[in-house]
Amino acid sequence: MTNSSPFAGAFKRGLLACCAVAAVAVATPVLAQGATAPIAFAIEAQSLETALTGFARAADVQVVFSPELVRGKRANRVAGMMPPAQALRQILAGSGLVATQVGERTFSVSQAGAVSADAATLDEVIVTAQKRAQRIQDVPLAVTVLDGDDAARRGIDSVVGLVDEVPGVSVNYAFGGTNYGLISIRGIGGADDYKPNGNPSVALHVDGVYQTSNAYLGMPLFDLDRVEILKGPQGTLYGRNTTAGVINAITKGPGDTVEGSGRIEVGSYDYAAMEAAVGGPLSDTVGVRLAVLAEQGGGFMTGAGAGDLAGFQPVIGGVTQTQVPAIVDPGRREGFGDKDLFAGRATVSMDLAPETNLTVKLFGSRDRGDTRQYDRISAALDSNIANAGENDDPYEFYSSEYPTQSIDIYGVSALLNHALGDNLNLAVIGNVQGTTRSVQGNGDGSPYPASRFDADEKLSQTSLEMRLSDDTGGRLDWIAGAFYVSDDIDFDTHWTSYTARTKYDNLHKQTRNSFAVFGQVDYDLTEKLTLSGGLRYTRDEATFSGRNDDLNPWGVSTFTTTFATTNPFVWDRSFEDDNVSGRGTARYAFTPNLNVFVSAGTGYRGGGFDGTSIFTQAETLPFDSETVTAYETGLRWTTPRLRVSLDAFSYRFKELQATTRLANDTNGRANVGEAESQGIEFAVNAVLFETARQTLDLDVAAAFLDTEIISFSSARVAEVLSTVGDPLPGAPDVTATVSLNHGLVLDNGWRLDSRLSVSHHGEESNRLNAAPNNTAEAYTLLNARIELETSAAWALYAYGRNITDEVYFPELNGASRLVGAPATYGVGLRYAF
């Protein structure tokens, strides 16, 4: 499909949404937090650790430092009106330490004099992986961070975009098609339930809010501050359904001054995008940020119609069933797979009192794009009736329709931060959100409706988390909290099945409630040794009801015999469970910038119900909760020009939850046994050289996985024998990225930046007991980007992705396959003020 005016519809919707969001924002009194306005300070000469804590409280900022870095040092007396940065410089004068502002309201304290003033240095990276601001090298767990601007340069606009950009992260579409992706981290999650009532192993959080369903993986990510990927079980601070890890997406908020940015972009296959954001103080007491995103086009597939199956009707006993509608030929369609997305967000921030801040985020997105399609291998290699005469072209597919999706995501969240007293802080975050989805699919890449589905889904969730903490970087830090989430899911699927010679409905309704209390303590046993321990108690409850109805519109149904069921089939079940998980860690700092850690812990994924097509009483029974025992060790070394991290891990899973083939030959979710995942990851960021006009940086990261199914529960002996010893689904053996980043300062304040990156994704299977045609081969992608920035903050950029035009398949599903994007190119214009 060719878009004659790719921006027209998006621009109209963007303009209307901006006006609506602006009206809401202006109508709500807010306060911008400034870290530059003069403040009255009265800080006495005292221990530096105590002075920094007092400074942070007085200036209402965060000061991140290593306790061993400041221990034994004295602070200077500071009194009078001055900006916080000036006061902090006076406090540190003569200590051998310097402070760097690394965020809107965050300062980082580090050793001074390590390099000359004009030497190239790596930026300080601050994360909130442990729900407080810390230098990334001080966090005793594996964390990968993508700066928001860097994510935009790489083209990451959703969680799925992290694949091939972050080693150890993969996605599996094996069972439900491209609208039902399963994210895995370190080989865990690729066998999850693809239906929206499942329990994803990777917990997605957006602005601190837990997303209860994989249906929210389609939430667009834009105007990001950063994305943090926490790898491995996170059973203490994040709780249930984190046996693989956590993805935290943090969006930007109002700044200290009015600033903003905008971009327009056009690319291959009629792709077009527009993004804009503006934020800042409206007055001394008000701060607002508005952001919008629109995307159109980009479809690279060609629909060839119904091919040899045009007009096909089933034949039973040699008799054509004329009462069954013939397969329709929709004609040829170029450029299928176009995007049609619009999203917006409004952020408001107010200081209710000097010690109290409230931040509210209102967000929504609307997706009416084409549903990306599978194709089949060539007819010469596939004699199945579903093959409509396929050729060898992986970018051409046969279908009886060209479906579009209707996906709306909307909600509001609020974060309240309140200083109760000295070193005692309260954080409360609440959320109400939902999504409505209408999606279609026929996962065999064919016009033949063996199991074609129309799914209508409605989800809603409400969550509340409260945390009390002393996290100021002293000798003893602690955090304690409680969490509650409730979600309701109604999902109805209408099936057309030539296999069962009928149309039938699956009607499902699920309600879940989860409550947890948690706590963690970090204690500096010595100047170099820090011990951490945490526990979390979780209780889950769920109810699940539904029915199947065979509509038998053609009078030839074999529904009951094909699926070994009754018509109608009705169920109503409940589930409850509780769990205590935790983690203990020891971190030893040889120097403020070189430390190692070891940890041991447990994780928990709540049990629940299979959300696929349920036909028997056995399938209505809940599956049990999954648990994991995790061991990990890591090293962090940072110099001004080099940052190195190295992690080794070993996980053992019990009651592994997975989607597999059930006794009646349908796909379903069950506990299938035990598994383990172990491996090594490393990342290196280095400044290779710098001159007065040039810089060259190198980033290298890789993950090496070894996963194995230890035991497998199945009534099918052959499947047990073929599965035990296999790797887990969604667990590529090697994933890696390498990039070179070059900067060149030109005359008149202009600058030229370029990036060349290579990513490798190893071989991986997409299901348990995977056959060779369910195992995707390894692939390697080469990407490049160049940007020319003027002294007036305008910039023109161009990029190429998969520039070697490698044909690769992220997914093989029997005779059907999902092809990756071919070589694509684009240019864009951006402006920042």
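Here are some short exercises, with worked solutions, on a predicted model.

**Exercise 1. How do helices α2 and α4 run relative to each other, and which residues make their contact?**

Start by locating the two helices: α2 covers residues 48-59 and α4 covers residues 84-92. Two packed helices are described by the angle between their axes and the distance between those axes. So let's get both numbers. The axes of α2 and α4 come within 11 Å and cross at roughly 170°. Angles over 145 degrees count as roughly antiparallel. That makes α2 and α4 roughly antiparallel to each other.

Next, the contact itself. From α2 come L48, A51, L52, F55 and A59, while α4 brings P84, A87, L88, I91 and L92. Sort these by class and you get ten nonpolar residues, no polar ones and no charged ones.

**Exercise 2. What is the strand order of the open sheet that has β8 and β12 as its edge strands?**

Walk across the sheet strand by strand. Its five strands come in the order β8-β13-β14-β11-β12, and the pairing is mixed. Now check the ends: β8 (142-147) and β12 (209-211) each pair on one side only, which is what makes them the edge strands. As for twist, neighbouring strands here are turned by 20° against each other on average, with direction ignored.

**Exercise 3. Now zoom in on strand β11. Which way do β14 and β12 run relative to it, parallel or antiparallel?**

Take the β14 side to begin with. Strand β11 (residues 202-206) is joined to β14 (residues 245-251) by five bridges, and these two strands run parallel. For a concrete pair, look at A203 in β11, whose bridge partner in β14 is V246.

Then turn to the β12 side. Here three bridges do the joining, and β11 and β12 run antiparallel. Again there's a pair to look at: L204 stands opposite Q211 of β12. The hairpin of β11 and β12 has two residues between the strands, and in it D207 takes a positive phi near 50°.

Last step: where do the side chains go? V202, L204 and V206 point one way from β11, A203 and H205 point the other way, and all are buried. That fits the overall count, with five of the five residues of β11 buried.

**Exercise 4. Is T371 buried or exposed, and which residues does it touch?**

First find it: T371 sits in the loop between β23 (356-367) and β24 (375-376). The relative accessible area of T371 is 3%. Buried means under 20%, so T371 is buried.

What's around it? Setting aside residues up to four places away in sequence, T371 touches T178, N179, F336, P403, T404, Q405 and Q440. With one of these, Q405, there is a polar contact of 3.2 Å between the side chains.

**Exercise 5. Which residue has a backbone nitrogen lying 2.8 Å from a polar atom of the N783 side chain?**

Begin with N783, which lies in strand β44 (residues 779-789). N783 has a relative accessible area of 15%, so it counts as buried. Skip its neighbours within four places in sequence, and the contacts of N783 are E165, R755, L756, S757, G800, R801 and N802. The one we want is N802: its backbone nitrogen is the atom 2.8 Å from a polar atom of the N783 side chain.

Now follow N802 home. N802 is in the loop between β45 (794-801) and β46 (811-813). N802 is buried too, at 3% relative accessibility. Its phi is positive, about 50°, although N802 is not a glycine.

**Exercise 6. What is the backbone doing at Y269 and at the N567 to P568 bond?**

Y269 goes first. Its phi is near 60°, a positive value in a residue other than glycine. Y269 is in the loop between β15 (259-267) and β16 (271-283), and at 35% relative accessibility it counts as partly exposed.

Now for the peptide bond. N567 and P568 are joined by a cis peptide bond, with omega about -5°. P568 belongs to the loop between α6 (559-562) and β32 (569-591).

Technical notes:
Residues are numbered from 1 along each chain as its sequence is written. This is a predicted model: local features need pLDDT of at least 70, side-chain atom pairs count only at pLDDT 80 or more; totals for chains, interfaces and linings use all residues. Side-chain values use heavy atoms; hydrogens and water are left out. Helices (H or I, at least four residues) and strands (E, at least two) are DSSP runs, numbered from the N terminus. Buried means under 20% relative accessible area, exposed over 50%, partly exposed in between (1.4 Å probe, protein chains only). A polar contact is a pair of N or O atoms within 3.5 Å; within protein, one must be able to donate a hydrogen and the other to accept it, and residues adjacent in sequence count only if both atoms are side-chain atoms. Contact means heavy atoms within 4.5 Å. Axes are lines fitted to C-alpha atoms, for helices over the stretch in contact, and angles run from 0 to 180 degrees between N-to-C directions. Angles under 35 degrees count as roughly parallel, over 145 as roughly antiparallel, 65 to 115 as roughly perpendicular and the rest as oblique. Ala, Val, Leu, Ile, Met, Phe, Trp, Tyr, Cys and Pro count as nonpolar, Asp, Glu, Lys and Arg as charged, and the others, Gly among them, as polar.
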